[in-house]
Amino acid sequence: MSNSSSVNPLPAEALPHGAAQGQVGPEQFTFLADMIPQLVWITDPTGFHTYFNQRWIDYTGYTLADSVGPDMWNNLLHPDDQARARQVWGHSLATGDDYEIEYRFKGRDGQYRWFLGQARPRRDEDGHIIAWFGTCTDIQDQKQAQQAQREREEEFTTLADNMAQLAWMTRPDGYIYWYNRRWYDYTGTTLEEMKGWGWDKVHHPDYINSVVEFVSKAWPAGQPWEMTFPLRGKDGQYRWFLTRAEPIRNEKGELVRWLGTNTDVTAMRELQQQLELAYSDLEAKVTFRNLDLEREVKQLREAAAAGK
């Protein structure tokens with residue numbers, strides 16, 4: 001394998017239209033191809049590579065002599081990408097459709113980087129393909145950013161699906177577009193049923209009007225809010241939930257979404273009711289006891305007065 005950086009010979013038939021008239025010559029095309037940040041390549045109609053620019057040589061370490069042919073480029077791809085790349089490229093060669101694919105190319109340092117491969121055919125006056133012009137654009141940074149974003153989303157989903165509360169997110173106007181897994185597990189519903197304002201389907205009919213009235217004022221206000229109301233489970237039974245919503249703002253202070261949670265407080269409410277009943281019962285007992293004491297005191301006083 002040679003690492004020579006000599007200028008690649010450029011086949012005249014692959015030059016852009018007008019080159020023969022002196023509008024764009026081989027030297028100008030080569031200069032342009034070597035200046036742009038992409039790897040540039042040209043093939044004949046069968047897919048046989050006939051040209052690579054200097055950036056290809058700099059990145060791969062392969063000269064044109066090392067790289068020409070139908071397979072050398074594919075051998076530099078990551079093993080997991082080779083079959084897919086051959087299939088996509090074969091489809092373009094067979095149909096004349098534009099070529100576009102993301103794959104990993106190995107550099108001269110042995111490391112793989114992600115590239116966006118694109119190619120378009122050049123046709124003669126009769127519509128026959130006479131060459132393919134292609135580029136490979138380094139998208140490693142974008143792919144890493146996408147991967148980091150996916151990992152953050154997976155971490156958020158894992159956290160949200162395993163928290164004790166039902167959780168949801170809305171647009172600034174209150175249109176709900178996401179629920180966590182616990183919401184679906186409890187209600188037995190789907191996003192298709194619940195998105196937007198579909199949540200009213202699981203609200204108790206005795207409370208839905210007050211809930212709608214409350215949130216209709218809360219969304220435009222843009223301030224944190226909370227209220228308690230019953231929600232129907234997939235078993236048809238209602239349980240009480242403390243609902244809290246927090247506005248999420250961007251760096252400019254603009255409201256971009258709401259994050260809400262529903263915490264099951266049924267047991268707490270039942271305990272509170274039991275305590276209230278117990279307290280009421282205790283008050284009643286104390287009242288009756290006081291009445292008994294007053295009666296006994298009265299009887300003692302009357303007995304004492306009669307004995308004099």
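Of the 308 residues in the chain, 36% are buried, where buried means under 20% relative accessible area, exposed means over 50%, and partly exposed covers what lies in between (1.4 Å probe, protein chains only). The model is a predicted one, in which local features need pLDDT of at least 70 and side-chain atom pairs count only at pLDDT 80 or more, while totals for chains, interfaces and linings use all residues. Residues are numbered from 1 along each chain as its sequence is written, and side-chain values use heavy atoms, with hydrogens and water left out.

The chain holds 10 helices and 10 strands; these are DSSP runs (helices are H or I with at least four residues, strands are E with at least two), numbered from the N terminus. The accessible surface of the chain is about 19,000 Å², and carbon and sulfur atoms own 53% of that; accessible areas come from the Shrake-Rupley method with a 1.4 Å probe, and for residues only the protein chains shown count as cover. Contacts, meaning heavy atoms within 4.5 Å, were also sorted by how far apart the partners sit in sequence. Among contacts in the chain with a separation of 6 or more, 44% are between residues 24 or more positions apart.

On to the strands, which are said to pair if DSSP finds at least two bridges between them. One open sheet is built from 5 strands in the order 7-6-10-9-8, with antiparallel pairing. At its edges are strand 7 (176-179) and strand 8 (225-232), each of which pairs on one side only. Neighbouring strands in this sheet are turned by 25° against each other on average, direction ignored; the axes behind such angles are lines fitted to C-alpha atoms, for helices over the stretch in contact, and angles run from 0 to 180 degrees between N-to-C directions.

Strand 10 (residues 255-264) is joined to strand 6 (residues 166-170) by 5 bridges, and the two run antiparallel. L166 has N262 of strand 10 as its bridge partner, and T170 is matched with W258 of that strand. Strand 10 also pairs with strand 9 (residues 238-249), again in the antiparallel sense, over 9 bridges. Here I248 stands opposite R257 of strand 10. Strand 9 and strand 10 make a hairpin with 5 residues between the strands, and G253 takes a positive phi near 85° there.

One residue of strand 10 deserves a closer look: G260. This glycine is buried, with a relative accessible area of 0%. Leaving aside residues up to four places away in sequence, G260 touches L166, A167, W168, R244 and A245. G260 and L166 are 94 residues apart along the chain, but their C-alpha atoms are separated by 8.3 Å.

Helix 9 (residues 208-221) lies across strand 6, strand 8 and strand 10, running at about 145° to strand 8. At 1.5 Å a residue, its 14 residues should span 20 Å, and the end C-alpha atoms of helix 9 are indeed 20 Å apart; the expected span is 1.5 Å times one less than the number of residues. Buried in helix 9 are I208, V211, V215, A218 and W219. Seen down the axis of helix 9, these buried residues fall within an arc of 95°, so they line one face of the helix; the arc is that of the directions from the helix axis to the C-beta atoms. An α-helix has 3.6 residues a turn, so residues three or four places apart point the same way. Strand 6, strand 8 and strand 10 are included in what covers the buried residues of helix 9. On the other side of the helix, N209, K217 and P220 are exposed. After helix 9 comes G222, with a positive phi near 70°.

Hairpins also turn up earlier in the chain. Strand 3 (residues 99-106) and strand 4 (residues 112-123) run antiparallel and are joined by 8 bridges, with K106 opposite Y112 of strand 4. Between strand 3 and strand 4 there are 5 residues, and G110 in the turn of this hairpin has a positive phi of about 85°. Strand 4 pairs in the antiparallel sense with strand 5 (residues 129-138) over 9 bridges, where A119 has G134 of strand 5 as its bridge partner. The hairpin of strand 4 and strand 5 has 5 residues between the strands, and G127 in its turn has a positive phi of about 90°.
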